[in-house]
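Welcome, and take a moment to look over the chain before reading on. We will walk from charged pairs to the packed interior and then out to the surface.

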Amino acid sequence: MTEQNNSTETVNNETVAETPKNRQPKPSSEQKRSGLIGSAIAIAIIIAIGGGIYYFTQQSNAQLVNENNELKQQLNDLAEQQKVDRQRLDALFASQSEIKTQTREYEEQLNRHMQELQAHVNTLSSSDVKSWLLAQADFMVKMAGRKLWNDHDPVTAAVLLKSADSSLAEMNDPSLLDIRKAIKNDIASLAAINQVDYDGIILRLNQLSNEVDNLRLNEINSGDVKAEDEGEVSSDIADWKQNLSRSWKNFTNDFITVRARDGSEAPLLAPNQDIYLRENIRSQLLIAAQAVPRYQEETYKQSLEQVSTWVRAYFDVNAPATKAFLAEVDDLINQPIATEMPDALESQPKLEKVMQTRVRNLLAQSEEVANTPAEAAPTEEKQPEKAVAKPEDSEAAPLDAPANEQKG
């Protein structure tokens, strides 16, 4: 084994010793190979870089081309839209110019009509103004009659008559003194009417309705029939008949009570029935309150008399609250709610006669004069109305509206 090892060592040493000699020409080929490999790698990298640059440049160029195409398309669309907008603006300007001419014509027509109306107003004389004052006085007198007979309000009627008299006083016409005298007589007759405080009466009735719960029922036990003193049951067997009779009477007295009602025709109240009695009294007071603004005096008095009858029949008339309640009811029964109004106003037929002779004739003449120019006006207005409705474009619609508003 040692020999073999020695032999292998010698061989290895020989090989080691021989390798540098044998490998002296090899370094040049390896350098060439490494140089070729490096150059190939460099060329590959250059080609890859160039291909990437080319690819990215192609992609960017394609993107730029697409964007340029889109921009061109947008520019073309904007140019077309601009053309359409110009056409629409031209149409609007044309329609606006037409409308301006139409409005000028219509303004001229209005000016002519205003001049005609001004001429009619200027022709009105002082007698026409007096006629209108007379018509105002007649209206005031008629309103006074309505307030007097429909609303039973003589105060407002008197105020209206005073306004009519002031209108006649402005006219300063001596021929109307008779009518003014009749108005003064009507005002004096209205002042003599007794004024009734209807609101105060309704408030008093409502207060009575609130006081119904304070009324106390009368005590009817004072007139009860006193039962005989039957005594107690005895312990003697011989008194068995008397004991049986006394026991039976004591048993029946717990279920049946006999009371005397001398001088009263009203029936007795069942237990807990006073609630319905009080509600019936309130309902009668409500009926009386509703009859006040309707001037139904008969219904008003009947309701209060029914309330007085029920209170006197079922409640303690000696209690202070009941006495005050009945005194208020009796006072309201004696309070009249219907007032006598005059059948007619003295001044109304006189004013009506003057109106027929003065104002109505004047109004008929003025209407005849006013209708003559009014008949020619529609013929002049027909042409601008047709011209305004002529533009059919939807864009002209916003401009048509102001023209129509001016006409209105």
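A salt bridge is a side-chain nitrogen of Lys or Arg within 4 Å of a carboxyl oxygen of Asp or Glu. Keep in mind that what you see is a predicted model. Across the whole structure, a search finds 14 salt bridges.

Let us begin with K142, whose side chain meets that of E352 in a salt bridge at 3.4 Å, N to O. This pair links distant parts of the chain, since K142 sits in helix α3 and E352 in helix α11, 210 residues apart. K142 also forms a salt bridge with D138, at 3.3 Å from N to O. Here the partners are four residues apart in helix α3 (residues 126-149), so about one helical turn separates them. In general, an α-helix has 3.6 residues a turn, so residues three or four places apart point the same way. How buried or exposed are the two? K142 is partly exposed, at 28% relative accessibility, whereas D138 is buried, at 6%.

Another bridge joins the side chains of D213 and R282, with 2.5 Å from N to O. D213 belongs to the loop between α6 and α7, while R282 belongs to helix α8, so the bridge ties together parts that lie 69 residues apart in sequence. D213 is partly exposed, with a relative accessible area of 47%; R282 counts as buried, at 17%. As for the earlier bridges, shared partners join D138, K142 and E352 into one network.

Now turn to the interior. The largest nonpolar core has 27 residues, and L205, L285, Y300, L304 and F325 touch the most other members. Helices α6, α8, α9 and α10 each supply at least two residues of this core. Another core lies apart from it, with 26 residues, including L133, L168, L190 and L345.

Which helices do the buried residues of α6 pack against? They pack against α8, α9 and α10. Among the buried residues of α6 are Y198, I201 and L205. Beyond its neighbours within four places in sequence, L205 is in contact with L285, A288, A289, V292, Y300, L304 and L332.

Helix α10 also holds T322, which is buried with a relative accessible area of 0%. Leaving aside neighbours within four places in sequence, T322 is in contact with residues including L215, R216 and V311.

Finally, look at the surface, where I37, I41, I45, I49 and I53 make a nonpolar patch of about 470 Å². I53 is placed in helix α2, which covers residues 27-123.

How values were computed: Residues numbered from 1 in each chain as written. Predicted model: local features only at pLDDT ≥ 70, side-chain atom pairs only at ≥ 80, totals over all residues. Heavy atoms only, no water. Patch = residues over 30% accessible without salt bridge, like charges linked within 9 Å, V, L, I, M, F, W, Y side chains within 5 Å. Areas by Shrake-Rupley, 256 points an atom, 1.4 Å probe, with all protein chains shown as cover. Core = buried A, V, L, I, M, F, W, Y, C linked by side-chain atoms within 4.5 Å. Buried < 20%, exposed > 50% of the residue type's maximum accessible area, 1.4 Å probe, protein only. Contact = heavy atoms within 4.5 Å.
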